[in-house]
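Me: I should like to understand the terms applied to this structure. Please set each value against its definition.

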Amino acid sequence: MRCVACGAVYPLDPRMFSCPRCGGLLEVVAAEPPGVSWAAWKRRRPGVWRYREALPVPPGAKPVTIGEGATPLVDAELDGVRARVWVKFEGANPTGSFKDRGMTVGVTVARHVGARLVVAASTGNTASALAAYAARAGLRAVVVLPRGGVALGKLLQARLHGAVVVEVEGSFDRAMGMVLEAAREGYAYPLNSFNPIRLEGQKTIAYEVADDLGRAPDYVVVPVGNGGNIAAIWKGFKELHEWGLVDRLPVMIGVQAEGASPLVKAWRAGLREPVWVDKPSTVASAIRIGRPVNWVKAIKAVEESGGVFVAVSDEEILEAQRILARRVGLGVEPSSAAALAGILKLESEGFFRAGEEVVAVATGHALKDPDAMAKADADFRRASSVEELKSLLRSLAGAEA
C-alpha cells in the first residue's frame, strides 16, 4: 500500500485506511507484475473476477459475487458529435450501479478478515450495493444516509436487502465524516471509497473497456462525486499499460454538476486543493457531494492523463438523460447522464476531433431515481375503444410517414 500524499509504502493491510505517517489516502500497488495476458483472461467467464490476479484478495478468500461486471459497451451513434461515443452502461450490474464492482472485492476481503459488521455513508448507490453484498456474505450492513438526500429507489433497495438504515441531518459530507470517525473505533469494517481495497474492484471498468475495444480509447468521461471512480479507472488503465496490455493511455475527463463542483472550481482557478461546497445542490443526487474524500486521487488522475474537469447544469444533465433514453435506448440516472452532458458541452467548444473514441461511464440505472424520470415530458393518450386506438395509430403512422 502506498500513500498518494507522501509516497510511504506499507505491506498490504486490509484494515489500514490512511497513511500512519501523514494521514494521506492509500492506494494498492502490485509488488510485481501479476503475469497476466488477455488470452488467459478471455478463457474465463466475463466479469470482475475474470481479472482476479489484479485484485488484492488474499489466497483462499472465496469471492462474494452476484455476477457483477461484464456490462455493455454501447455505441451511442450520436448525430452531431464528431467523436465516436461509447457508453459503458454500469446500470446493468446486479444492484444497478458501478458500486457493485467495489463491493464484490471489499465485502470478500471484509469477510475473509473476520468482519461481522460493515458500514458506509452513502448518497444511495453505495448503500444498495453494500446491503446486497453483505446479505450475500452473511454479514450485517449499516448504511448512513443524509436524511431526504437519497433517491427513493436506492433507499428502498437498502431496506429490501436488510441493511440497518441510519439517517442523519445534513449532507452526505456530514454522514461521511461520521463514518470516518466511527471507523477508527473498529466496531465495523468501513467500505466507503477511502478504503483502497474497495476501489480495486472499480478499476475493472478500465479492464473491460480495453477488453471490449481491444485498446484504450482516446478519452474516458466519468461523473465525479467523491472522486474514487475516476481515480480507480485511471489506475486500471495505468496498470494495463505498465503490463503491456494496452499501448497507450486515455485522457480522463471528470464531470461535476454546477451545484456540486468543488473540483471544477479549483481546476478553473488553478488551485491544487478543492473549493469546498458546503451546501451542494443538484438533481444528480449520486454526485451531490461538496467535500469529496478522494479529491487528491481524482485531481491526480486528470492531471496525469492531461485531462480536464467540466461542470454541467441540471438542465444539461436532464437533457442528456433524455438523449440516452430516446436515441440510444439506455435509461440512466441523472448522475450517469452527467458524463454525456459533459461530452456534449465539450463538443460544442470544439474539444474533440473526428474519429476519436470517447467512452462515457454511465454509472447507474434510471430506476434508481424514479423522481428524476418523472421530470421527463411524456406523451399520454387515452382510448376508450378499439376504434379510437385504430384512429390514433392511423394518425401517428401518417405523421411518421
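Reply: A cavity is a set of grid points where a 1.4 Å probe fits but cannot get out. The model is predicted, and it holds 2 cavities of 30 Å³ or more.

Me: What makes the largest cavity count towards that number, and which residues lie closest to its centre?

Reply: The cut-off is 30 Å³, and the volume of the largest cavity is about 300 Å³; it is therefore counted, as a space that the probe cannot leave. Its lining comprises 27 residues, with F98, K99, N226, A286 and I289 closest to the centre. At least two lining residues come from each of α3 (125–137), α5, α6 (196–202) and α8 (228–242). By class, 11 of the lining residues are nonpolar, 14 polar and 2 charged.

Me: What volume does the second largest cavity have, and how does its lining divide by class?

Reply: The second largest cavity encloses about 150 Å³. Among its 15 lining residues, E27, A231, A232, K235 and K297 are the closest to the centre. Two or more lining residues are given by each of α6, α8 and α10, and α8 has the largest share, with 5. The lining divides into 8 nonpolar and 7 charged residues, with no polar ones. Lys and Glu count as charged and Ala as nonpolar, so E27, K235 and K297 belong to the charged class, and A231 and A232 to the nonpolar class.

Me: Why is a pocket not called a cavity?

Reply: A pocket is an open set of points, whereas the probe cannot get out of a cavity; the two terms are therefore kept apart. The largest pocket holds about 470 Å³ of space. It is lined by 23 residues, and F17, S18, L180, R184 and F194 lie nearest its centre. Two elements, α5 (172–183) and α10 (295–305), give two or more residues to this lining, with α5 giving the most, 6 residues. Its classes are 14 nonpolar, 5 polar and 4 charged residues.

The second largest pocket holds about 290 Å³. Its lining has 20 residues, of which V28, V29, A30, A31 and P56 are closest to the centre. Here 14 are nonpolar and 6 charged, and there are no polar residues.

Me: Why is the pair of W41 and Y51 called edge-to-face?

Reply: Ring centres must lie within 6.5 Å, and planes over 60 degrees apart count as edge-to-face. W41 and Y51 are 4.9 Å apart, centre to centre, with 90° between the planes; both conditions are therefore met. W41 lies in helix α1 (residues 38–42) and Y51 in the loop between α1 and β3 (73–75), so the pair ties together parts 10 residues apart in sequence.

Me: What makes Y51 and Y207 an edge-to-face pair?

Reply: Their centres are 5.2 Å apart and their planes are at 85°; these values lie within 6.5 Å and over 60 degrees, so the pair is edge-to-face. It links distant parts of the chain, since Y51 is in the loop between α1 and β3 and Y207 in helix α7 (residues 204–213), 156 residues apart. Ring pairs join W38, W41, Y51 and Y207 into a cluster, and the structure has 10 aromatic pairs by this rule.

Me: How do you know whether Y51 and Y207 are buried or exposed?

Reply: Buried means under 20% relative accessible area. Y51 has 1% and is therefore buried. Y207 has 0% and is therefore buried. W41 is also buried.

Definitions and conventions
Residues numbered from 1 in each chain as written. Predicted model: local features only at pLDDT ≥ 70, side-chain atom pairs only at ≥ 80, totals over all residues. Heavy atoms only, no water. 1 Å grid on protein atoms, 1.4 Å probe; cavity = no way out; pocket = protein on both sides within 12 Å on 5 of 7 lines; lining within 4 Å. Points joined across faces, edges and corners; volume = space filled by probe spheres on them. Helix = DSSP H or I, 4+ residues; strand = E, 2+ residues; numbered from the N terminus. Phe/Tyr/Trp six-rings, centres within 6.5 Å; stacked < 30°, edge-to-face > 60°. Buried < 20%, exposed > 50% of the residue type's maximum accessible area, 1.4 Å probe, protein only.
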